[in-house]
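Biologist: Could you walk me through this structure slowly, please? I am still learning the vocabulary.
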Amino acid sequence: MAEMGSKGVTAGKIASNVQKKLTRAQEKVLQKLGKADETKDEQFEQCVQNFNKQLTEGTRLQKDLRTYLASVKAMHEASKKLNECLQEVYEPDWPGRDEASKIAENNDLLWMDYHQKLVDQALLTMDTYLGQFPDIKSRIAKRGRKLVDYDSARHHYESLQTAKKKDEAKIAKAEEELIKAQKVFEEMNVDLQEELPSLWNSRVGFYVNTFQSIAGLEENFHKEMSKLNQNLNDVLISLEKQHGSNTFTVKAQPSDNVPAKGNKSPSPPPDGSPAATPEIRVNHEPEPAGAATAGATLPKSPSQPTESPAGSLPSGEPSAAEGTFAVAWPSQTAEPGPAQPAEASEAAGAQEPGETTTSEAASSSLPAVVVETFSATVNGTVESGSGAGRLDLPPGFMFKVQAQHDYTATDTDELQLKAGDVVLVIPFQNPEEQDEGWLMGVKESDWNQHKELEKCRGVFPENFTERVQ
């Protein structure tokens with residue numbers, strides 16, 4: 001029986017709700033057609049418009065605030081990655097490594113703290129502020145429905161009173177329903193009339209508090225971040241100063257210190273040694289003018305070593321005429337007597353310019369000496385003094401250098417070098433194009449393979465190489 005009663009109540013309530021909806025729909029149609037007047041409250045309608053505007057602005061502010069927080073989080077991640085990169089490239093022996101690591105940790109904590117405070121003091125407040133709008137919006141809609149019910153009850157009561165045949169019982173019941181509908185409507189209307197203006201005015205304080213919180217948090221964040229950035233800047237300045245004074249060793253790649261073409265002075269090579277400067281080395285005494293065609297001369301004394309200390313060429317003698325003596329002493333030779341050096345000296349002194357000493361060397365009682373003199377020719381080949389052999393070298397060849405470090409070319413006109421590569425140095429076609437600290441050359445391996453200067457030649461930093469010949 002209880003279940004039946006419950007079902008009966010439920011069915012009756014459903015029927016009542018359906019009847020109310022039909023009555024409201026009929027009343028709205030009559031109002032739109034102008035056959036029934038509508039109770040209007042312009043002041044309340046203005047409050048509703050303000051409410052809708054406030055809800056729209058608050059929803060937009062909430063969306064933009066969430067976007068801002070997402071951007072803060074993205075900046076946090078980007079800053080974290082950047083600091084991780086700094087830690088990876090900061091070599092262990094560089095000064096300030098521990099300080100840089102600590103700064104990176106504080107940077108990460110500062111971003112996390114800033115994001116969390118924005119959530120607590122801005123986003124959660126924003127959510128609370130907007131949380132009251134759905135309930136009020138529902139009550140506004142319900143008030144509208146109750147207003148239609150009131151108008152419907154009022155029109156029904158008025159129609160019964162103006163009827164030609166009056167039914168006092170129906171009129172009394174209609175009046176009772178009108179009073180009830182009016183009471184329900186007025187209770188809701190009074191509450192909303194007080195609440196909506198108060199809610200509208202609260203927006204000013206809410207906006208002030210929200211943006212003050214964001215501005216204050218951001219100000220403090222940037223102050224603390226500025227201190228960290230200044231500390232990091234001080235660490236890097238210290239690193240730069242100590243590196244400049246060579247107080248510690250930096251294990252950098254040679255390509256990091258390549259001299260810039262066009263600079264007045266080249267950068268030192270990676271090992272910290274001073275930049276190499278072109279130096280002409282000769283290991284023989286300047287030849288007389290007529291000895292250039294003699295092909296070979298004897299050293300002044302057989303007791304001297306085969307190589308003499310490095311010196312400078314006479315101002316009138318080009319560097320391309322540099323020569324090297326190779327003196328071979330027989331393994332079994334009678335020790336010369338005391339008079340022999342003097343005789344050799346007199347024979348050498350009696351020689352006339354233009355004459356060769358080949359026959360004298362052969363008939364001398366000195367040990368057999370084989371002397372070879374090399375000189376660069378205009379065609380780029382090296383001929384021995386006796387004409388017995390030729391070495392094929394590029395035109396204008398001046399000297400050889402050997403790469404001491406790897407060099408990565410940064411332009412199409414540069415040579416790519418590996419430590420140990422031998423380079424044949426040649427002059428620039430236009431001397432004005434030569435930058436200080438740079439040489440023109442062709443790798444010996446490329447020249448032996450291609451024999452084409454246009455294809456193989458290029459410039460390279462002199463301080464990455466060492467002269468070998």
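Modeller: Let me begin with a term: two strands pair if DSSP finds at least two bridges between them. Strands (E, at least two residues) and helices (H or I, at least four residues) are DSSP runs, numbered from the N terminus. This is a predicted model, in which local features need pLDDT of at least 70 and side-chain atom pairs count only at pLDDT 80 or more, while totals for chains, interfaces and linings use all residues. Residues are numbered from 1 along each chain as its sequence is written, and side-chain values use heavy atoms, with hydrogens and water left out.

Biologist: Okay, so which residue is the bridge partner of Gln-402 in β5?
Modeller: That partner is Val-422, and Lys-400 likewise stands opposite Leu-424 of β5. These residues belong to the antiparallel pairing of β4 (residues 399-403) with β5 (residues 422-426), which extends over four bridges.

Biologist: And what does β6 do with β5?
Modeller: Strand β6 (residues 438-443) runs antiparallel to β5 and is joined to it by four bridges, with Val-425 standing opposite Gly-441 of β6.

Biologist: In what order do the strands of that open sheet come?
Modeller: The order of its five strands is β7-β6-β5-β4-β8, and the pairing is antiparallel. At the edges are β7 (458-461) and β8 (465-467), each of which pairs on one side only.

Biologist: Why is β5 described as largely enclosed?
Modeller: Four of its five residues are buried, so β5 is largely enclosed by the rest of the structure. Buried means under 20% relative accessible area, exposed means over 50%, and partly exposed lies in between (1.4 Å probe, protein chains only).

Biologist: How much of the whole chain is buried?
Modeller: Buried residues account for 31% of the 469 residues, and the chain holds nine helices and eight strands.

Biologist: New topic: how many disulfides are there?
Modeller: The count is zero, where a disulfide is a pair of cysteine sulfur atoms within 2.5 Å. As for individual cysteines, Cys-47 is buried at 11% relative accessibility, and Cys-456 is also buried, with a relative accessible area of 7%.

Biologist: Last one: what is the phi of Lys-451?
Modeller: Lys-451 has a positive phi of about 60 degrees, although it is not a glycine. For background, most residues other than glycine have a negative phi. Lys-451 sits in the loop between α8 (444-450) and α9 (453-456), and with a relative accessible area of 36% it is partly exposed.
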